[in-house]
Amino acid sequence: MRTGKEEPGLVGHLLQSIPPMVVYLIVGLVIMVESLGIPVPGEIALVTAAVLATQHKAGLSPAWIAACASAGAIIGDSIGFLIGRRFGESLFGRLGRRFPRHFGPGHVALAERVFTRYGVWAVFFGRFIALLRILAGPLAGSLRMPYGRFLAANASGGIIWATGITYLIWFLGVAAEKWMSRLSW
């Protein structure tokens, strides 16, 4: 009969052995790379860290996870903005040939129409939409959006997205842990 207090398996031990600072850095770096315009699983890294934070033995703080994710999003989008400003269309043409599923001409054209029509709102809400999350910085830079307006929308969207996802997953994980602890196997 299980009591819910068994020792974690190999994966659990490995995850619990990672120092919290390393987890925070990994989350921030993966989200920064994604925000640069490179399709990596930033949101998965964020969700995984938030789930790990529900395990008290891991010693992770959801506040630090959200802060590092926010910083990664803001910094990555800002660097992506500068890259888009400098290299613009040639960058998207090259990426479209290498990654047609993520940066094909249809994807870029749709994103350009959205950015032209909605401006800073596209940057803000782009953080919540996978394709726009990847393209927001470089596209805003290539379309010559003023950096101050971009930064305000980028920072507010990044902070709300990272904090919202982190705490949503963390609260759900804590609630699930409490519910599961009441069950007796």
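Are Asp-77 and Arg-127 buried or exposed? Both residues are buried, and we'll come back to them in point 5. Here are my notes on the structure, point by point.

1. **Confidence first.** Keep in mind that this is a predicted model. The chain has a mean pLDDT of 84, and 90% of its residues reach 70 or more. The stretch to watch is residues 1-7, where the pLDDT is below 50. In the model that stretch has four contacts beyond near neighbours in sequence. Where pLDDT is low, don't read the predicted coordinates in detail.

2. **The overall build.** If you go looking for strands, you'll find zero of them, because the DSSP runs here give nine helices and no strands. Read along the sequence, the pattern is simply α-α-α-α-α-α-α-α-α. The chain has 185 residues, and 39% of them count as buried. Now take the contacts between residues at least 6 apart in sequence: 77% of these join residues at least 24 apart.

3. **Arg-133 and its first partner.** There are three salt bridges in the structure. As a reminder, side chains of opposite charge can pair when their charged atoms come close. One of the bridges runs between Arg-133 and Glu-34, with the closest N and O atoms 3.5 Å apart. Arg-133 sits in helix α8 (residues 130-142) and Glu-34 in helix α2 (residues 20-35), so this pair links distant parts of the chain, 99 residues apart. Both Arg-133 and Glu-34 are buried.

4. **Arg-133 again, with Glu-43.** Arg-133 also meets the side chain of Glu-43 in a salt bridge, at 3.0 Å from N to O. This pair, too, links distant parts of the chain: Glu-43 is in helix α3 (residues 42-53), 90 residues from Arg-133 in α8. Why does Arg-133 count as buried while Glu-43 does not? Arg-133 has a relative accessible area of 4%, and buried means under 20%. Glu-43 comes in at 29%, so it counts as partly exposed.

5. **Back to the opening pair.** Asp-77 and Arg-127 form a salt bridge through their side chains, at 2.7 Å from N to O. Asp-77 lies in helix α4 (residues 62-98), whereas Arg-127 is in the loop between α7 (120-126) and α8, so the bridge ties together parts that are 50 residues apart in sequence. Both ends are buried, as you saw at the top. As for networks, salt bridges that share partners join Glu-34, Glu-43 and Arg-133 into one.

6. **Ala-136, for a look inside.** Ala-136 is in helix α8. Its relative accessibility is 2%, so it counts as buried. Which residues does Ala-136 touch, leaving aside its neighbours within four places in sequence? The answer is Asp-77, Phe-115 and Phe-150. You can also check the spacing to Asn-154, which is 18 residues away along the chain: the two C-alpha atoms are separated by 8.6 Å.

7. **A pocket to find.** The second largest pocket has a volume of about 160 Å³. It is lined by 13 residues, and those nearest its centre are Leu-36, Gly-37, Ile-38, Leu-91 and Leu-95. The elements giving two or more residues to this lining are α4 and α8, with α4 giving the most, at four residues. What kinds of residue make up the lining of the second largest pocket? They divide into 12 nonpolar, one polar and no charged.

Conventions. Residues are numbered from 1 along each chain as its sequence is written. This is a predicted model: local features need pLDDT of at least 70, side-chain atom pairs count only at pLDDT 80 or more; totals for chains, interfaces and linings use all residues. Side-chain values use heavy atoms; hydrogens and water are left out. pLDDT is the predictor's confidence in each residue, from 0 to 100. Contact means heavy atoms within 4.5 Å. A salt bridge is a side-chain nitrogen of Lys or Arg within 4 Å of a carboxyl oxygen of Asp or Glu. Buried means under 20% relative accessible area, exposed over 50%, partly exposed in between (1.4 Å probe, protein chains only). On a 1 Å grid over the protein atoms alone, a cavity is a set of points where a 1.4 Å probe fits but cannot get out, and a pocket is an open set with protein on both sides within 12 Å along at least five of seven lines; lining residues have an atom within 4 Å of a point. Grid points are joined across faces, edges and corners, and a volume is the space filled by probe spheres set on the points. Ala, Val, Leu, Ile, Met, Phe, Trp, Tyr, Cys and Pro count as nonpolar, Asp, Glu, Lys and Arg as charged, and the others, Gly among them, as polar.
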